[in-house]
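Please find below a colleague's note on the structure, set out as numbered points.

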Amino acid sequence: MLNGKRILVVEDDEVNLLIAEHILGKEGYEVTSVDNGESAVDIIKNQRFDLILMDIEMPIMDGLEATPLIRAEQNGAQVPIVALSAHTIPEKIAEFRQAGMDDYILKPFDGKKFQTIAAKFL
């Protein structure tokens, strides 16, 4: 268990967010959540995170728009950003990477899949 690591979850779906918060909290991660990419860009200016889980499709600003803006911020330049998406086609995954995301997790959020990702980045 990697207690104390800070994770930003950017997710607009309440159910998906509750599942992610529950799984991550149970594993000892400190979780902060926002419901759109614009809020993620704003929060990264003042807070540091060890990992960002970024939904792709959200209102106001989606994950593909927010990721390059986060990368441009000092606090977001090096933090791993992992897409949360139901898309599995290679073209979509290539879009995630082109936007600056490091990896992806398929929805619905799964703790075992997350631990595989966490082992790579945390």
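The points below cover the basis of the model, one helix pair, one further helix and one strand residue.

1. This is a predicted model, in which local features need pLDDT of at least 70 and side-chain atom pairs count only at pLDDT 80 or more, while totals for chains, interfaces and linings use all residues. Residues are numbered from 1 along each chain as its sequence is written, and side-chain values use heavy atoms, with hydrogens and water left out.

2. Helix α3 (residues 63-72) and helix α4 (residues 90-99) have axes that come within 8 Å and cross at roughly 25°. The two helices are therefore roughly parallel (an angle under 35 degrees). Helices and strands here are DSSP runs (H or I, at least four residues; E, at least two).

3. In contact (heavy atoms within 4.5 Å) are L64, T67 and P68 of α3 with E95, F96 and A99 of α4. By class, this contact has four nonpolar, one polar and one charged residues.

4. Helix α5 (residues 111-121) has F114, I117 and A118 buried (under 20% relative accessible area, 1.4 Å probe, protein chains only). Seen down the axis, the buried residues fall within an arc of 105° (directions from the helix axis to the C-beta atoms), so they line one face of α5. Turned away from that side are the exposed (over 50%) residues K112, T116, A119 and K120.

5. The buried residues of α5 pack against β1 (6-10), α1 (14-26), β3 (51-55), β4 (81-85) and β5 (103-106).

6. D103 lies in strand β5 and counts as buried at 7% relative accessibility. Its side chain makes a polar contact (N or O atoms within 3.5 Å, one able to donate a hydrogen and the other to accept it) with the side chain of K120, at 2.3 Å.

Terms used
Axes are lines fitted to C-alpha atoms, for helices over the stretch in contact, and angles run from 0 to 180 degrees between N-to-C directions. Angles under 35 degrees count as roughly parallel, over 145 as roughly antiparallel, 65 to 115 as roughly perpendicular and the rest as oblique. Ala, Val, Leu, Ile, Met, Phe, Trp, Tyr, Cys and Pro count as nonpolar, Asp, Glu, Lys and Arg as charged, and the others, Gly among them, as polar.
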